[in-house]
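Student: Got a minute to walk through this one with me? I'd like to start with the broad picture and then get into the details.

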Amino acid sequence: MIHLIKKFKIAGLLALSALVFYTSSCNKDLEQFTEPVISNAGTLTLTEAIAADPDNSLYNALLAKSGMAPLFSDKASLFTMFVPVNSGMKLFINVISGGLVDINSPDAVFTGFISANIPAATAAALISYNTIPQKVTSGQVPTIFPNYEYPTILNPTGTSTTAGFNPFARLTTFPSRRGTTLWVDNIPVTAIDIPVVNGVIHKIAVLVAPPTKYLWDDIAASTDLTYLKAAIIRADSGVAVAGRIQTALSSFGANLTVLAPTDLAFKQTLTGAITQALIPVVTAQLIAFGLTPAAAAAQAPAVAFAQASALASSPGVFTNPALFSALTAQTVRGIVVYHVLSAQTAPFFPPGVRIFSVNIPATPTTVKTLLNSSPLAALHPGLSVQATGTGITVKGAANATPSNIIFPADRNALNGVLHKVDQVLLPL
């Protein structure tokens, strides 16, 4: 019934997370790396080097609270640690204290907060997520797109509300290099390659907080992603639990990048599509009521738009029986999987890729999606992404204009990262 919608059809610990948004205006120029300043760092262990650097005194307090100092004193092991400078730790503590610890407070106030208010297990999780169990210098960080992931020493057991993780499982982090800028996830590195006898230190602008929720948790809780939630549920209709999109979005081990259209984006797309589909129907009805063909053609667009706006006014559009023939589960599934980025093509499902906003190239770059996991769509061109200097655009194969990633971006999760976008991406 609905012509334009049919064109979409494809077979087919903490409130810390706010800190991930620190670099959300991501593509502006950053300072060059500063050089290491600890002259004797190459003779010190990680624990000793952190304690010796005045600009790491707050992280040193966190390390002490974690009880992990002996681990990083072991000269037989190798680690890469991303260490936030004091200004970054102050921002972190200001956020988790709900602003009670003023950003301009003396260092002793922040140290006291760490000692009195951050549990040892939480401190250990924070330290662990900022530590890679191997030595990785800045020159070894790849420049490839999408990013290469490194395991941290953080086992997610106890970090998530879901029990039963493999004891060997580790959360991963995503160092990347773009030109002269080094990142970990979407946090800029401010000083590189500080040598220690058991690894290397890279200083970072703010603490990188481990994710604690799944992508589905974020989608289900977001008040402006209610259409996407409804679309996913519709797409999973009749599908076994193991093969559902919601299962992948709720599972540890997946590594996905979701481009999430907002409710406004869905309303605009669905209203436009339904309007175009209804115009010939309304035209015929108006003629039947006695209008001339010319008069009916002139009035039909406004009448169709009013009807379409009502139909698309809530997420119930995906469960409206009047639209079942157009918004089939298969049709909606094709649309949804087109919004999940992939590093691979069929037959792999679900393939893994986690793309932070800071990693998107300045030239238009093609990225495959989970739509390509379908043999019938393996050769689909995917999406085009580009950092423009003022923002980031994403263009679907059938979109007339690019969509924009809405900042703050980089909503990091246990199983991927989510970026909100202002258009529904159209594969056909």
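Student: So how much of the protein counts as buried?

Tutor: Of its 428 residues, 52% count as buried. Keep in mind that this is a predicted model.

Student: Noted. And how many helices and strands are there?

Tutor: The protein has 12 helices and 16 strands.

Student: What about the surface, how much area does the protein expose?

Tutor: About 17400 Å², and carbon and sulfur atoms supply 60% of that.

Student: Switching to charges. How many salt bridges are there?

Tutor: The count comes to five. One of them joins D107 and K90, with 2.8 Å between the closest N and O atoms.

Student: Where do D107 and K90 sit?

Tutor: D107 is in helix α5, residues 107–117, and K90 is in helix α4, residues 86–96, so the pair ties together parts that lie 17 residues apart in sequence.

Student: Is K90 buried or exposed?

Tutor: K90 counts as buried, at 18% relative accessibility. The cut-off for buried is under 20%, so K90 falls within it. Its partner D107 is partly exposed, with a relative accessible area of 33%.

Student: OK, so how do α4 and α5 pack, what's the angle?

Tutor: Their axes cross at roughly 55° and come within 11 Å. That makes α4 oblique to α5.

Student: Left-handed or right-handed?

Tutor: The crossing of α4 and α5 is left-handed.

Student: Which residues meet there?

Tutor: From α4 you have N86, M89, K90, I93 and I96, and they meet D107, F110, F113 and I114 of α5. So the salt-bridge partners K90 and D107 are both among the contact residues.

Student: Which other helix packs on α5?

Tutor: Helix α3, residues 57–66, does, at an angle of about 15° and with the axes 9 Å apart. That makes α3 roughly parallel to α5. The crossing there is right-handed.

Student: And what are the contacts between α3 and α5?

Tutor: On the α3 side they are S57, L58, A61, L62 and K65. On the α5 side they are D107, F110, T111, I114, S115 and A116. D107, F110 and I114 are also on the α5 side of the contact with α4.

Student: Back to salt bridges. What does R411 pair with?

Tutor: R411 meets D218, at 2.7 Å from N to O. R411 lies in strand β15, residues 411–413, and D218 in helix α7, residues 215–221, so the pair ties together parts that are 193 residues apart in sequence.

Student: Is D218 buried or exposed?

Tutor: D218 is buried, with a relative accessible area of 17%.

Student: Any partner for K420, and what's the distance?

Tutor: K420 forms a salt bridge with D224, also at 2.7 Å from N to O. D224 is in the loop between α7 and α8 (226–235), while K420 is in strand β16, residues 416–421, so this pair links parts 196 residues apart in sequence.

Student: Of that pair, which one is buried?

Tutor: K420 counts as buried, at 14% relative accessibility. D224 is partly exposed, at 27%.

Student: Last topic: where is L323?

Tutor: L323 is in the loop between α11 (293–311) and α12 (329–337). At 2% relative accessibility, L323 counts as buried.

Student: How far is L323 from I274?

Tutor: The two are 49 residues apart in sequence, and their C-alpha atoms are 9.4 Å apart in space.

How values were computed:
Residues are numbered from 1 along each chain as its sequence is written. This is a predicted model: local features need pLDDT of at least 70, side-chain atom pairs count only at pLDDT 80 or more; totals for chains, interfaces and linings use all residues. Side-chain values use heavy atoms; hydrogens and water are left out. Helices (H or I, at least four residues) and strands (E, at least two) are DSSP runs, numbered from the N terminus. Buried means under 20% relative accessible area, exposed over 50%, partly exposed in between (1.4 Å probe, protein chains only). Accessible areas come from the Shrake-Rupley method with a 1.4 Å probe; for residues, only the protein chains shown count as cover. A salt bridge is a side-chain nitrogen of Lys or Arg within 4 Å of a carboxyl oxygen of Asp or Glu. Axes are lines fitted to C-alpha atoms, for helices over the stretch in contact, and angles run from 0 to 180 degrees between N-to-C directions. Angles under 35 degrees count as roughly parallel, over 145 as roughly antiparallel, 65 to 115 as roughly perpendicular and the rest as oblique. A crossing is left-handed if the near helix is turned anticlockwise from the far one by less than a right angle, and right-handed if clockwise. Contact means heavy atoms within 4.5 Å.
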